[in-house]
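Q: I would like to learn how to read a structure with two chains. Where should I begin?

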2 protein chains.
Amino acid sequence: MKKAVVLLSGGLDSTTCMAVAQDEGYDLYALSFDYGQRHNKELENAVRVAKYYRVKDHRVFKIGYVEGNALTDRSVDVPDYNGGDAIPVTYVPARNILFLSYAAGYAESIGAEAVFIGVSSVDYSGYPDCRPEFIEAFQRVLEVGTKMGVEGNPIRIRTPLINLSKAQTILLGQSLGAPYHLTTSCYRGGEVACGVCDSCTLRLKGFKEAGIKDPIDYEKV
Amino acid sequence: MKKAVVLLSGGLDSTTCMAVAQDEGYDLYALSFDYGQRHNKELENAVRVAKYYRVKDHRVFKIGYVEGNALTDRSVDVPDYNGGDAIPVTYVPARNILFLSYAAGYAESIGAEAVFIGVSSVDYSGYPDCRPEFIEAFQRVLEVGTKMGVEGNPIRIRTPLINLSKAQTILLGQSLGAPYHLTTSCYRGGEVACGVCDSCTLRLKGFKEAGIKDPIDYEKV
């Protein structure tokens with residue numbers, strides 16, 4: 001069986017990646033991180049989604065705290081959505097670089113041919129590490145900097161959502177039976193999603209555009 | 001003051017990088033890893049070298065165990081040096097990728113302009129992630145995938161040893177007063193260096209070629 005490592009946050013995008021990888025016939029290996037998030041809700045969801053997909057293994061790595069950003073630093077407030085283009089305070093230094101590095105190490109250690117990551121450059125909210133240029137640059141790192149790469153068989157970074165809007169992602173996941181009722185995407189990470197942070201706003205807008213009712217509850221909508 | 005993050009294993013090469021970065025006038029921030037090495041001797045040395053250089057901060061991240069290699073898996077024996085060209089069993093999947101990712105996150109969080117890593121492609125013993133192609137590819141990742149990069153001020157990966165033989169590295173470090181008496185480079189990691197693994201063999205050959213006596217003791221020489 002061919003193997004894929006899927007980066008699984010427990011949010012809507014990574015759950016859609018699980019659905020795509022399963023649909024392509026991969027044996028699934030989920031990879032999540034405890035990076036000092038405010039919300040362990042996210043990790044709880046990841047565990048539930050991994051169980052739903054009966055993954056072969058689910059690793060959760062605890063990774064070091066990086067200061068000065070709103071997602072890991074309790075002294076910085078998570079802002080409401082403001083529609084701006086600047087890199088937001090929710091940017092975590094080198095986050096996807098670190099996630100892909102762990103995924104590459106994990107994939108190489110189990111002989112997986114692909115790593116799935118749910119980045120999108122369409123509903124791009126200012127994160128440099130969600131853009132195609134970044135993914136292409138990291139692909140090159142895997143080609144020249146790993147044993148599998150040097151041997152002519154590099155791990156492939158798969159980004160099935162990179163050209164999809166949130167609505168298109170939801171329609172794709174819906175068609176593949178993705179269990180969105182198990183997911184939340186809220187940056188504030190309370191028991192119930194806030195409905196007003198960047199991430200909730202994008203999710204709600206996506207469901208509305210897709211013409212589908214979001215199966216989860218929100219505090220304010 | 002300009003800041004540099006120095007990847008510090010406590011071996012000869014990373015200690016030489018500390019000397020170079022200090023000589024260039026950087027405020028030093030050391031970064032080490034506990035990745036389930038056989039030898040905590042290595043980490044002890046890193047702490048001693050960091051103290052010697054009076055670093056502003058020394059972070060030690062515990063990172064996940066990756067199976068199937070001789071440096072972290074106690075079921076795989078560390079081989080003696082055999083002079084071969086193949087990627088050795090001491091290869092750790094994605095190790096330098098992971099190290100540079102942490103260094104990038106750390107550097108960005110403190111606003112450091114440079115990351116020093118002591119790789120060399122001259123005494124290259126088969127590791128794909130010690131070659132210039134790899135460093136160039138990772139530099140590109142930092143340019144397109146980080147906030148500092150997108151803002152036109154990417155973190156620079158500095159590899160002062162990349163074109164140096166082990167003997168040349170030792171001569172450089174010697175000229176800058178690097179405290180080699182505090183370092184060991186043994187893959188087996190006992191209290192006294194073994195003298196016969198790949199890493200000890202390269203070190204001893206380097207000191208011999210440099211015409212300098214290695215200040216540390218060995219079990220067999």
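Q: By what turn and shift can chain A be laid on chain B?
A: In this predicted model, a turn of 180° with a shift of 0.0 Å along the axis lays chain A on chain B, at an RMSD of 0.0 Å. That is how copies related by a two-fold axis behave.

Q: How many residues does each chain bring to the contact?
A: The size of an interface is often given as the accessible area lost when the parts come together. Here we count residues instead: 32 residues come from chain A and 32 residues from chain B. On the side of chain A that touches chain B, α3 (95–110), α4 (132–145) and α5 (147–150) of chain A each give two or more residues. The most come from α3(A), with nine residues. By class, that side of chain A has 17 nonpolar, nine polar and six charged residues.

Q: Why do the copies meet through the same surface?
A: Compare the two sides. Of the interface residues of chain A, 100% are also interface residues in chain B, so the copies use the same surface.

Q: Which elements make up chain A, and in what order do they run?
A: Read from the N terminus, the order is β-α-β-α-β-α-β-α-α-β-α-α. That gives seven helices and five strands in chain A.

Q: What share of chain A is buried?
A: Of the 221 residues in chain A, 49% are buried.

Q: Which residues have the most contacts inside the largest nonpolar core?
A: That core has 106 residues, and the ones with the most contacts inside it are Val6(A), Ala103(A), Val6(B) and Ala103(B). Leaving out residues up to four places away in sequence, Val6(B) touches residues including Cys17(B), Leu28(B) and Phe116(B).

Technical notes. Residues numbered from 1 in each chain as written. Chains lettered and ligands numbered in written order. Predicted model: local features only at pLDDT ≥ 70, side-chain atom pairs only at ≥ 80, totals over all residues. Core = buried A, V, L, I, M, F, W, Y, C linked by C-beta atoms within 7 Å. Buried ≥ 20, exposed ≤ 12 C-beta atoms within 10 Å, placed from the backbone. Contact = placed C-beta atoms within 7 Å. Least-squares fit on C-alpha atoms with pLDDT ≥ 70 in both. Helix = DSSP H or I, 4+ residues; strand = E, 2+ residues; numbered from the N terminus. Nonpolar A, V, L, I, M, F, W, Y, C, P; charged D, E, K, R; others polar.
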